[in-house]
Amino acid sequence: YQRRVHGDVHLLRWLLPLLPAVHHLWELVLLGEPLAVLAPSPSVASPTVIALVSMVAPLRYPGDFRPYFTIHDPEFKDYVLPEPATLPPVILGLTNPFFSKALRHWPHVIRIPEDPEDSGKKTIGYKNIKLKKSDRLFSGKLGGWNGSKPGLYSNYKPFLKPNKLMQQWIERGVENQRPLEAQNAMLRKHLCELTNSFIIPLERYLATLMPLQRSISPFRQSPRLAEFRHSDFLRSVAQTGPELTAPVRGDWVGLYRRFFDSPTFGIWLERRRAEINHKLQEMHLEAIVEANLEAWVREEGKREVEVVDLILKFREKLKKIRLSKLETRPELISQLELQVDSVIGTLPEDMQSVFYTS
């Protein structure tokens, strides 16, 4: 669902009132911080929540997000009663004034102004969007957010400095009635570049944790990704950090340190580790199916117990592949089965019958 809404939501339409705080919000969403959106109606709350989730694309938002959350929701107590330290990563879209008091303990709250688009309009145009100072959200200190003023109320101090040129470009575009789709594309491109600049050093470091292809042998265990060491990565950031490609400047090392403690990092690393280990497994399979195992048995004069051990390892590998949720190319599985049969064929007939009947 997240992957689909990333392309469907009109970012400019719903983030325009939030433009001065867009980089602040990007960090909060990236880190999986609990965020409440108080809006005048469900038609404003829902797309605003989806737009917030979409800000960190192509990263997957790590938590729950409820475009329209009410007091009748089954998880109402889970989000209203906990202290800030125990809140899960979630973004809630709210309209009931009750939440103004019920969520006073929340660390990050947005109060959205009235819908900038006239109600009943099916099309979005500049005549329906006004850039007034009173309509822009501001960063305020926690504790007074339940008033009537729109704003982003948070004690979080961003690590990155906002890109004022991007903000000015969009504001001038609104004033000059630049095509709305061009404005939206600009904002989406900026946020995507920001996220990719953050991800690239992480991916570059992951590449150093992969074993060399020449070290992959059919007679060894399938290789796996080495351990991700925070300290080693942070040292690499000094040389190949986001400053080289990012559209903003700031304390990237500090942001990465905070990111390591966030649920986003755990989810991202788990997914990437699974994907990379699966790729390494396929490379190991390729090494097995390309090897001349019959010649290895005969030329090396392997003992029967060694051949049996190899067959058992290959069969166990086939079992794990079939149970895995990640897809493996069918031709590799078929070729591995043939390789197992060929190795079994090198054994005495009585041993062959044991394998074929088991």
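**Exercise 1. Describe the chain as a whole: its surface, its burial, its contacts and its secondary structure.**

Solution. Start with the surface: the accessible surface of the chain comes to about 18,800 Å², and 52% of this belongs to carbon and sulfur atoms (areas from the Shrake-Rupley method with a 1.4 Å probe, where for residues only the protein chains shown count as cover). The model is a predicted one, in which local features need pLDDT of at least 70 and side-chain atom pairs count only at pLDDT 80 or more, whereas totals for chains, interfaces and linings use all residues. Residues are numbered from 1 along each chain as its sequence is written, and side-chain values use heavy atoms, with hydrogens and water left out.

Next, turn to burial: of the 358 residues in the chain, 50% are buried (buried is under 20% relative accessible area, exposed is over 50%, and partly exposed is in between, with a 1.4 Å probe and protein chains only). Then take the contacts (heavy atoms within 4.5 Å): among those with a separation of 6 or more, 77% are between residues 24 or more positions apart. Finally, the chain has 15 helices and six strands (DSSP runs numbered from the N terminus, helices being H or I with at least four residues and strands E with at least two).

**Exercise 2. Determine the setting of S197 and of A207 in helix α8.**

Solution. First place S197, which lies in helix α8, residues 180-208, and is buried because its relative accessible area is 4%. Its contacts, leaving aside residues up to four places away in sequence, are with P242, T245, A246, P247 and Y256. A polar atom of the S197 side chain also lies 2.8 Å from the backbone oxygen of E193.

A207 is found in helix α8 too, but A207 counts as partly exposed because its relative accessibility is 48%. The C-alpha atoms of A207 and I276 are 9.4 Å apart in space, although the two residues are 69 apart in sequence.

**Exercise 3. Work out what surrounds Y79.**

Solution. Y79 is found in helix α5, residues 76-80, and counts as buried because its relative accessibility is 6%. Beyond residues up to four places away in sequence, Y79 touches a set of residues including F69, L87, P88 and W106. D64 is also one of the residues that Y79 touches, and a polar contact of 3.0 Å joins the side chains of Y79 and D64 (a pair of N or O atoms within 3.5 Å; within protein, one must be able to donate a hydrogen and the other to accept it, and residues adjacent in sequence count only if both atoms are side-chain atoms).

**Exercise 4. Examine the prolines P58 and P162.**

Solution. Begin with the general rule that most peptide bonds are trans. The peptide bond from A57 to P58 is cis, with omega near 10 degrees, and P58 is found in the loop between α4 (42-54) and β2 (64-66).

P162 is found in the loop between β6 (151-154) and α7 (164-175), and P162 is partly exposed because its relative accessible area is 44%. The C-alpha atoms of P162 and H24 are separated by 7.8 Å, while the residues are 138 apart along the chain.
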